[in-house]
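Q: Please take me through a close look at how one part of this chain packs against the rest. I would like to follow it residue by residue, with the reasoning where there is some.

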Amino acid sequence: MNSTIEQEEEQLQKRRIKEEIRETLREWENAKRFFEHALGHEQVDYAIHAIITAEKRYAMLIHKAKKMKGPWPKWEGIDQ
């Protein structure tokens, strides 16, 4: 019984991480689009900061996900 609860909690945590990864990818893409249309020094600086932040968050989440053992729920909605 305890094992089943632990497995369900693990799957829930994996789904949460997947959603964070999905959200971070959207933020990263938005930051890159903002950079492409940035006007002036301040907007360019802001866009660069947003890109770097999203990249670092993505890397952190991927590292965290790789540490998790066992099967993952299907990765729907993420281009591969």
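**Where the two helices meet**

A: Let's start with F35, which has its place in helix α1. Keep in mind as we go that this is a predicted model. At 36% relative accessibility F35 counts as partly exposed, because that class runs between the 20% limit for buried and the 50% limit for exposed. Setting aside neighbours within four places in sequence, F35 is in contact with V44, A47, I48 and I51. Its C-alpha atom is separated by 9.1 Å from that of A50, 15 residues apart along the chain.

It helps to have the overall plan in mind. The protein has two helices and zero strands. Helix α1 takes in residues 2-36 and helix α2 residues 40-67. For α2 there is a simple check on the geometry: at 1.5 Å a residue its 28 residues should span 40 Å, and the C-alpha atoms at its ends are 41 Å apart, which agrees.

A31 is another residue of helix α1. A31 has a relative accessible area of 6% and is therefore buried, the cut-off being under 20%. Beyond its sequence neighbours within four places, A31 is in contact with A47, A50 and I51. A47 and I51 are thus among the contacts of both A31 and F35. The C-alpha atoms of A31 and I51 are separated by 5.4 Å, although their positions lie 20 residues apart along the chain. On the α2 side, the buried residues are A47, I51, A54, L61 and A65.

Now for the rings. With the requirement that ring centres lie within 6.5 Å, the count comes to two aromatic pairs. In the pair made by W28 and Y58, the centres are 5.4 Å apart and the planes stand at 50°, so this pair is tilted. That angle falls between the limits of 30 degrees for stacked and 60 for edge-to-face. This pair links distant parts of the chain, with W28 in helix α1 and Y58 in helix α2, 30 residues apart. How does W28 compare with the cut-off for buried? W28 has a relative accessible area of 19% and is buried, since buried means under 20%. Y58, at 25% relative accessibility, counts as partly exposed.

The other pair is F34 with Y46: the ring centres are 5.7 Å apart and the planes at 80°, so it is edge-to-face. Here too distant parts of the chain are linked, F34 lying in helix α1 and Y46 in helix α2, twelve residues apart. At 34% relative accessibility, F34 counts as partly exposed. Y46, with a relative accessible area of 53%, is exposed, because that class begins over 50%.

W28 has a charged companion as well: K32 lies over the face of the W28 ring, at 5.4 Å from the ring centre.

Let's move along α2 to R57, whose place is in that helix. R57 is partly exposed, with a relative accessible area of 23%. Not counting residues up to four places away in sequence, R57 touches E20, E23, T24 and E27. R57 and L25 are 32 residues apart in sequence, yet 9.5 Å apart in space, C-alpha to C-alpha.

Further on we reach the largest nonpolar core, made up of five residues in all: I17, I21, L61, A65 and M68. Helices α1 and α2 each supply at least two residues of this core. One of its members, M68, is in contact with E10, Q13, K14 and I17 once neighbours within four places are left aside.

K14 deserves a closer look of its own. K14 lies in helix α1 and is buried, with a relative accessible area of 0%. A polar atom of the K14 side chain lies 2.7 Å from the backbone oxygen of K69.

Stepping back to the whole protein, 21% of the 80 residues count as buried. Among contacts between residues at least 6 apart in sequence, 73% join residues at least 24 apart. The contacts of R57 with E20, E23, T24 and E27 and the pairing of W28 with Y58 across 30 residues are good places to look at this on your screen.

Technical notes. Residues numbered from 1 in each chain as written. Predicted model: local features only at pLDDT ≥ 70, side-chain atom pairs only at ≥ 80, totals over all residues. Heavy atoms only, no water. Phe/Tyr/Trp six-rings, centres within 6.5 Å; stacked < 30°, edge-to-face > 60°. Helix = DSSP H or I, 4+ residues; strand = E, 2+ residues; numbered from the N terminus. Buried < 20%, exposed > 50% of the residue type's maximum accessible area, 1.4 Å probe, protein only. Lys NZ or Arg CZ within 6 Å of the ring centre and 35° of its normal. Expected span 1.5 Å × (residues − 1). Core = buried A, V, L, I, M, F, W, Y, C linked by side-chain atoms within 4.5 Å. Contact = heavy atoms within 4.5 Å. Polar contact = N/O pair within 3.5 Å; in protein donor to acceptor, adjacent residues only side chain to side chain.
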